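Trainee: I should like to learn how to read the features of a structural model. May we take one feature at a time?

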Amino acid sequence: DSIKLALYTSSATLGAGSTVYVTTGQSTGTNYSAGGQALTNVTPALSGSTAVCDFADETFSTATVTARGCLLYNTTNSNKALCAIDFGGDKTSTAGDFTVVFPSATATGAIIRLA
């Protein structure tokens, strides 16, 4: 499957009830395209008895963009949402790299965990 990461502003209504990719509230800016970018190193694994999924950090190069959060979604499966992430505040890049750093793929740290 192909998993993408899209950036969103504080006007987006993303959360536990988000079921599919939407354009409403999506970030706009230089070197950021609607729909975001494909994630790489989508690596499911076991950490003890917990299934985890790891991704390579995602960088939007030389971007001028502001985002409050992001949505991970499956473009292969009708753009179904995997998870919505709130950054806890606006994050901004001005003609620089905007990077979303994923935590380690452990039972207590991975962004997606099934126990």
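Mentor: The turns below go through charged pairs, aromatic pairs, cysteines and one loop residue. Please keep in mind that this is a predicted model.

Trainee: How many salt bridges does a search of the whole structure find?

Mentor: The general idea is to look for a side-chain nitrogen of Lys or Arg within 4 Å of a carboxyl oxygen of Asp or Glu. Here the search of the whole structure gives one salt bridge. Its partners are the side chains of Arg68 and Asp86, with an N to O distance of 2.9 Å. Arg68 belongs to strand E5 (residues 58-74) and Asp86 to strand E6 (residues 80-100), so the pair ties together parts that are 18 residues apart in sequence.

Trainee: Are Arg68 and Asp86 buried or exposed?

Mentor: Arg68 is partly exposed, at a relative accessible area of 28%, whereas Asp86 is exposed, at 54% relative accessibility.

Trainee: How should one read a pair of aromatic rings?

Mentor: Such a pair is described by the distance of the ring centres and the angle of the planes. In this model, a search of the whole structure finds four aromatic pairs. One of them joins Tyr21 and Tyr73: the ring centres are 4.4 Å apart and the planes lie at 20°, so the pair is stacked. This pair links distant parts of the chain, since Tyr21 is in the loop between E1 and E2 and Tyr73 is in strand E5, 52 residues apart. Both tyrosines, Tyr21 and Tyr73, are buried.

Trainee: How many disulfides are there, and why is Cys53 not bonded to Cys83?

Mentor: A disulfide is a covalent bond between the sulfur atoms of two cysteines. The count for this model is zero disulfides. For Cys53, the closest cysteine sulfur is that of Cys83, 9.3 Å away, which is too far for a bond. For Cys83, the closest cysteine sulfur is in Cys70, at 6.8 Å, and this too is too far for a bond. Cys53 is buried, with a relative accessible area of 13%, and Cys83 is buried as well, at 17% relative accessibility.

Trainee: Where is Thr24 placed, and which residues does Thr24 touch?

Mentor: For a single residue, one may consider place, exposure and contacts in turn. Thr24 is in the loop between strand E1 (3-8) and strand E2 (37-38). At 59% relative accessibility, Thr24 is exposed. Leaving aside residues up to four places away in sequence, Thr24 touches Tyr8 and Ala12. The C-alpha atoms of Thr24 and Ile112 are separated by 24 Å, and the two residues are 88 residues apart along the chain.

Key
Residues numbered from 1 in each chain as written. Predicted model: local features only at pLDDT ≥ 70, side-chain atom pairs only at ≥ 80, totals over all residues. Heavy atoms only, no water. Helix = DSSP H or I, 4+ residues; strand = E, 2+ residues; numbered from the N terminus. Buried < 20%, exposed > 50% of the residue type's maximum accessible area, 1.4 Å probe, protein only. Contact = heavy atoms within 4.5 Å. Phe/Tyr/Trp six-rings, centres within 6.5 Å; stacked < 30°, edge-to-face > 60°. Disulfide = S-S within 2.5 Å.
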